[in-house]
Amino acid sequence: MPAVEIHNDYQKVFEGLLQRIRRYDQTADIALLRKAFEYSFNAHGDQLRISGKPYFEHPLEVVKILTGLKMDWETIAAGVLHDVVEDTKSSIEDIKREFGNNIAQLVDGVTKISELKLLGTEDQQAENFRKMLLSMVKDIRVILIKFADRLHNMRTIEFLPEEKRKRIALETRDVYAPLAHRLGLARIKSELEDLSLKNLEPEIYKDLVNRIQSTKRERENAIRRITSPVRKALADANVRARFEGRAKDFFSIYNKINKRGVPFEEIHDLLAIRIIVETLEDCYHALGIVHSLYNPLHERFKDYIATPKSNGYQSIHTTVMGPEGKKFEIQIRTEQMHRTAEEGIAAHWKYKEGKSREDDFDKHLVWLRQVLDFDDQEPDKSSFMEHLKINLFQDEVFVFTPKGDLHRLPLHSTTVDFAFNVHTDVGLHCLAAKVNGRIVPLSHELKNGDTVEIITSTSQRPNEDWLKFVNSSKARSKIKKWLRDSKFDSSVALGEEMLAKALFKYSIKLKNIDLADLAQKLKLKDDKDLLASIGRGDTKIDTILRRIIPEDKKEQPEKNVFSRIIEKARKSSHGVRVAGIDNIMITFGKCCNPVPGEPITGIVTRGRGIVLHTNNCRNLLKLMQDPDRIVEVSWDVDKNYRFVAGLNILSERKNNLLPNLSDTITRADCIIKSIKMTAEDSLITCTLSIEVYDLDHLKRVMNSINRIDGVISVKRFNE
């Protein structure tokens, strides 16, 4: 490639960047960096950005951002070359030949990420995220270059058409900013979020900027008043410290106002105070001084030095009541902690003699490997995306075992999340939990500092209700897997019956169908996996029929078998009256025991007439695979008629539980059909079958039982 004379202004900028690189990376190959600079300038030639400025300004700005993160010289070289393959005639082979394999791989990784569409259908998202995460595991520097590329593009996004601008801003807010947060890149994350808000909600952004500016002098004066005594006390104690003011980013303020409903006037951490000291001991010394001068709000205290966040963040956060009754957040950390807080994983990157040396680096990527391991184990793309979003977006809560072992969990985690985090077997058999010595329900939400003890039982198993309150991806995936595996055989049998009945209408026998071939075409493991998928409702009968039934046989039979069952039942059945259908046998699903007041659906069943199920019954979706079996029904019952409902009661071990339970149920005008109680350790499990008039009556009974001393939880059960 012939040399082109480089503009003097660009040359000066780049020489300045080289000086900065020399100061923090003594191993830097300056000659190769100059070569990469010249190669990129020459390759982009006369290309212009949409703004009308020379295209080369973009890679130059990307390099500025990377040197600000103190990235190694290979990353800098790849940064200045990152768009050469995508936007010029140069190929990856050209880059490899000129600059070596390492730099070529970085450029190739960034190019491939740029081609991914990270917003789209769930399957597309899952596959493209997986590709991006794989490139990050291979070399984390790829995503750091991409962050720098995206940050500069967001800084100059105003020149793009509105539709494209908003699409890029949305992708930045929903993908790149959370990923930057997960990698601890606070400065980049904050700027990406603010620039996204500026383009997605320009009026709100403008209003926030005006509000912040109008109160800036008042806040600065207040901070001077609160820090002056702290500075003097630290100096008197010979604690060397420097102070910083951290302006809260606009996106965080927007979230507090928009999502939490906090008025702007009540946001007290618009400008946090940072005290940066030399040693770990100085952090706690400074904390003691701050608390001796101002009253702390204990519920707002967090020690992320003792319990670092999973992205490596360490700092002490304390909120104090300052002069004039104003609340201030103060963060205390060392210089190294400060760099990690600002630069995250980039602060731990070291490069020497062409090989990476990972000190604290590898442990910050554990979550990334866990996400990819989950993808290998869980083929369901929606589950993978759910798992990824929990790992990317959620903050953490720190809790302890009775022995003092620390467990990090996603914010809003429950005792079941904790149980699965300890061990899968503990989670699968958890019966109840003690939090800080007190027995709590499994749905109890954990708080920072809680000590949690799990009570297990060999007879306890997960149920679908757990999925309503668990918040960690590990717990959710393990529960789903257990539920799926435990029902596999019954799902196979149900799927086989459903498919056989569907084929019978077309005079086709199931044994004549090559199920293994069908399974392969539908990307399922084998014939049993196919039948189980049908039984679970994951694969629709219509999908199978479209691949089996010839076109000339696709006309529906004159009268299906279920219509004949209904006619037969009409002639001989009687029982509970259900609106819309007279003189027909009605039975109640033992799986859900519906009571009046609940939405219900009728399913035609051989030998049982119409079986009623609640609309949230776990079996209903499977039973509704064949629309011919569905009958619309509604309640129309005698007011004095009673219906059976089952309850599971978990209680502390109390001598007077049985008489209290009996008395409470009798007072509620309720009849006990059967009762079974078992005691294990400090808990009693009671299975109760009662007769009630309707759903409201059942809820009143459950509320009354829940108020009995020692009762932990009351839930309906399915037989």
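A residue is called buried under 20% relative accessible area, exposed over 50%, and partly exposed in between (1.4 Å probe, protein chains only). Isoleucine 675 is partly exposed because its relative accessible area is 38%. This is a predicted model, in which local features need pLDDT of at least 70 and side-chain atom pairs count only at pLDDT 80 or more, while totals for chains, interfaces and linings use all residues. Residues are numbered from 1 along each chain as its sequence is written, and side-chain values use heavy atoms, leaving out hydrogens and water.

Let us start with the sheet. Four strands (DSSP runs of E, at least two residues, numbered from the N terminus) make an open, antiparallel sheet in the order β21-β22-β20-β23. Two strands pair if DSSP finds at least two bridges between them. At the edges stand β21 and β23, each pairing on one side only. Strands β20 and β22 are joined by ten bridges, and phenylalanine 643 sits opposite valine 692 in β22.

Two helices (DSSP runs of H or I, at least four residues) meet this sheet. Contact means heavy atoms within 4.5 Å; angles run from 0 to 180 degrees between N-to-C directions of axes fitted to C-alpha atoms, for helices over the stretch in contact.

| Helix | Residues | Strands | Angle |
|---|---|---|---|
| α28 | 657–667 | lies across β20, β21, β22 and β23 | about 155° to β21 |
| α29 | 695–706 | touches β20, β22 and β23 | about 160° with β23 |

Back to isoleucine 675, which has its place in strand β21.
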